[in-house]
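Subject: Structure handover

Hi,

Here is the structure for you to load. My notes on it follow below.

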Amino acid sequence: MGGENHCGNGPRSDYPIRAPKPVGQYISQIYKSRIGQFYARGQYANENLLSMMNDAVVYGEPHVQLWVWHAPGQTRPTFEEAVSHDFEKTKVGASFGPSWTTHWFRVKITVPDNVRDQELVEFHWDANNEGLIWSEDGEPLQGLTGGGERVEWVLPKPFLDGKEHTFYVEMACNGMFGIGQGDLIAAPDPNRYYTVERANIVAVNPDARGLHIDTWIIGDAAKEFPSDSPEQHHALDVYNRIIEAFEPGNKDSLKTCRKIAQEYLGPDVDSHKVYESDKKPLVFGIGHCHIDSCWLWPFDETKRKVARSWSNQCNLMERYPELNFACSQAQQYKWLKELYPYVFERVKQKVKDGQFHPIGGSWVEHDTNLPSGESLVRQFVYGQRFFEENFGKRCQTFWLPDTFGYSSQLPQLCRLAGMTRFLTQKLSWNNINKFPHTTFNWVALDGSQVICHMPPAETYTAEAHFGDVKRSMSQHKSLDQDPTSLLVFGKGDGGGGPTWQHLEKLRRARGISDTVGLLPRVHMGSSVDDFFHHLEAKGDKLVTWYGELYFELHRGTYTTQSNNKRNNRRAEDALRAVELLATIASIEGHCAYPKKEIDEMWESVLLCQFHDCLPGSSIEMCYHDSDEIYKKVFETAEKILGEATGLREATADAVTSNTGVAFTSLPWSRHEIVELADGELAVASGPGPFMKLRPFSLESEETLVTLEQPSPDVFVLQNTQLKVKLESGLITSLYDLKANREIIPKGQKANRYVIFDDKPLYWQAWDVEVFHLDSRKELSTSETKVHEQKKHRVSVITKTKISDKSYIETVISLSACSPNQQSFVEVSSKVEWHETMKFLKVEFPVDIRNTEASYETQFGIVRRPTHYNTSWDMAKFEVCSHRFADLSEHGYGVSVLNDCKYGFATSGNLMRLSLLRSSKAPDAHADMGTHHIRWGILPHQGGLSHVTVRKGYEFNNPLKIFEVESLGDVKSWLRTRRVWLDSESDEGLVLDTVKRGEDDEKTGEENVILRMYDSLGGLARGRVKSVWGIKRVTKVNLLEDEVEEVEVDGDGFGVELKAFEVATYKLELDH
């Protein structure tokens, strides 16, 4: 009745009546500060865990003997060549250099008796630079990074027999990230020397090494878990009990410490079995090794980086069966196959075993802003074909973690290349707006979509830290749709890939999740395709992002390294012409299709489109390399064109109308006046590919274009469409006579050069920041005078001083025009450029109003704001454009054409073409020298139309002149078009590529591949006609797999393309 206690848990009998001693609360910040001391170098190194990491360290003779041979200059000789030379004696402490040189070491080791029976014996080599260990038989075995990182090679068991064994070390006199002078991206130090600091035989204590990783991860949990979580306090308690249990010199204490660690990590962290629990993971780890094909080192060094990095990964796979490793770039696999066949065969076996995963489907990890549409296609064609031919399957995931923005047509091209998935993370670098999604459907201009995942750890080179796993959840922006994510880990940019430390840390991260909880559960052993396969089941529920993935950083890469970008544009245009004429010649029986040479040309151009080469963010050496690569491309193009036509290209002023013909690779008729030798004028008119030059004559009084000088510094140029007024070298009036409309706003001036200070926050070659616009300075012109005054063209020339070292000579021209052609103002500039951190642009204010401007992109047009309403709008203060940018309102517009530029901006009614930058890192001489740049101002009635699209093509593809003795020298099949879109076809359709089938050489078939697209954004219908007998037509994907049959009607077939659709057709010829 009242007061009874029915609870079975009464007071414990062992609970003391009196407190035996004071017990204080953990002072967390002090105990956390203690964590690092347990394995830190410094005053406690002899008393903490570091003192027990190794059971023995053996160095010097007789156990380690060294000899060296110095490769001449900056050569990179093969193993066979290197070992054929005499080696000289050397030792630890000797220095080698200078920068970019190679030194080969012969190493002879004898493992002493006291080390032979140790569980783990390694050879440690550290010269603070990259290296590669080779077997005595010439097999690459292990890559070395230096500087205390990846310096170990696990000695094979046969080396532990007490006998002398020989191997070689190939030393590269550069670090993992090149040799910048005092800063990562500084121009290379040409005189760097490296000292061999270690060449040791090391018996590692496995328990000490294991405890190091245990405490590393538990310590991170103690520091990074929330302080109001029991998991954090538990971690801190376990860590401090480990410290108290540790006794320097007592190996048994290591086992005791590791036993304590198991309370937090679980019992299985020393094995891949830790991943075999049936608990559902959320984070999927994938090893990766991002190797820039060039950047702070040249292409040739990348070839060695591939061998070093992938040898290491094959080694790790044998020790860590859970490691799944994804690596992209078919070019790098090809280098490996050609230069390191032993490593390539190891990779092939690991691919077969399911651990090494070729990914990406492209030739290199290329830029996607600057290459043409056809270049993007060929990245996939050459990449996917290489992977299929060498590994038996194509890639399903497009992989571009480090590229500087993503074109709006990529999802369509991915789908047409057999890929439904896309991975990047670069937009996490945005420095204005935070991209709002982690996993989403990305939609192209034509409506095609791919699933895109951006790893929430926001890196493609994760160190597999506790924090990387934690951030894979805490920074995930799509948790309401799918909470899973990829963790892409491994040393990268300069190569390397995962290390054994990464894999050990991830094992412990999984152990924490299964034992304690709170940390997102990571899983190893799955592939990227496994991850995306899971996502695709939810694809229809994922959010969508339409159009380009604009990168709010690295906008300067649209302009840096001008000559390199010019070569790219020229090479792309040259390849169109080569493939067209080579196709015609091979079908007509004139010569065999030069598939091998064309492949080599394309592979070279695609290589130079790597995302640090074409954008201009590599060191100077890379551009010496690319200049040579492009030079060979142009030489091959000239050779193929000569062989296909039997003609020799000439300059216009070297022929007459009787000894020359004009060539166009474009798929529509052209009508142009050409000036020949001795001032003779001729007309080239027709559909091509070759056109007769017909003498052009005028009545003596007839004038098609005039130039007047009403006052000393005022000039008026006029033809039947346009009237251009220049004052002091600037355009003050551009009047459309047909539309009765002034284009330049009252009181403003066009074609004005402006210069800006260009000092970004850090990434010089990469970035131009919004604040550079505040430094705008107008450049003044000097004397303007008549440059030419001819019947078909008039022009004036003016000079603009930039500084005491730099100037611009500008020729502004107006040509005669045909009644059915739109006239434009052409500007040719010669820029002598020797500035430091300046940005040169040219401006065009126009009397047009629209909140959006249009810019040519690959296979289409992208529209961007001309205002700064939001931070997302303002972030696009500098954008990428190809052959034209356009600002139009209802009924009228103005296009600005260019022949080699990519940076542009439209702010309100001010159009601005970016010309030159002068960054000093990583290339101290970027863009210095002479530049020739052309642009055009094209007013047009109506909105943006095929007129601008075609003028953009024509501006970049001037008529080529070939020398002949008579018109009879031109084969009849070159004088008339062979395949074309008929005159009733929609004018927005562009037949962009004519080539032979990829497999024709192997199969003996005669197939012609046509690629076309809708250029304006609407349903486009047309009819393809050909003089060749067409047996069958199929619509195919980019890889030329048949998709659907197309009905052939007589000499052609009909086509229908949706807005901005890219369509490819295979014509089987009946010969």
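Pro62 sits in the loop that runs between β1 and β2. The peptide bond leading into Pro62 from Glu61 is cis, and its omega is near 10 degrees. Bear in mind that this is a predicted model.

Glu61 turns up again in a charged pair. Its partner in a salt bridge is Lys89, with 2.8 Å between the closest N and O atoms. Lys89 belongs to strand β3 (residues 88–90), while Glu61 is in the loop between β1 (54–59) and β2 (64–70), so the salt bridge ties together parts 28 residues apart in sequence. Side chains of opposite charge can pair when their charged atoms come close. By the rule used, the count of salt bridges comes to 92.

Two more backbone points. Most peptide bonds are trans, and most residues other than glycine have a negative phi. Against that background, the bond from Ala921 to Pro922 is cis, with omega near 5 degrees. Pro922 lies in the loop between β46 (910–917) and β47 (929–941). Leu518 is not a glycine, yet its phi is positive, about 75 degrees. You will find Leu518 in the loop between α13 (500–515) and β21 (522–523).

Now the domains. The chain is split into domain 1 (278–549), domain 2 (652–693), domain 3 (706–959) and domain 4 (977–1070).

I looked at how domain 3 meets domain 4. Their C-alpha centres are 36 Å apart. Twelve residues on the domain 3 side are in contact with ten on the domain 4 side. About 950 Å² is buried between domain 3 and domain 4, and carbon and sulfur atoms give 61% of that area. Which residues of domain 3 lose the most area to domain 4? They are Phe859, His946 and Tyr953, which together make up 58% of what the domain 3 side buries.

What holds charges or polar atoms across this interface? The count of salt bridges between domain 3 and domain 4 is zero. Three residue pairs are in polar contact across the interface, with both residues of each pair at pLDDT 80 or more. On the domain 3 side, β41 (860–865) and α19 (946–956) each supply at least two of the residues that touch domain 4. Helix α19 gives the most, with four residues. By class, the side of domain 3 that touches domain 4 has five nonpolar, three polar and four charged residues.

One item from a record. An unreviewed UniProt entry lists residues 552–630 as "domain: Glycoside hydrolase family 38 central". In the model, that span is 65% helix and 0% strand. The C-alpha atoms at the ends of residues 552–630 lie 30 Å apart.

Best wishes

Conventions. Residues are numbered from 1 along each chain as its sequence is written. This is a predicted model: local features need pLDDT of at least 70, side-chain atom pairs count only at pLDDT 80 or more; totals for chains, interfaces and linings use all residues. Side-chain values use heavy atoms; hydrogens and water are left out. Domain bounds come from an automatic or database domain assignment. Contact means heavy atoms within 4.5 Å. Buried area is the accessible area (1.4 Å probe) that two parts lose on being put together, summed over both. A salt bridge is a side-chain nitrogen of Lys or Arg within 4 Å of a carboxyl oxygen of Asp or Glu. A polar contact is a pair of N or O atoms within 3.5 Å; within protein, one must be able to donate a hydrogen and the other to accept it, and residues adjacent in sequence count only if both atoms are side-chain atoms. Ala, Val, Leu, Ile, Met, Phe, Trp, Tyr, Cys and Pro count as nonpolar, Asp, Glu, Lys and Arg as charged, and the others, Gly among them, as polar. UniProt positions are given in the numbering used here, feature names are shortened, and annotations may be inferred rather than shown by experiment.
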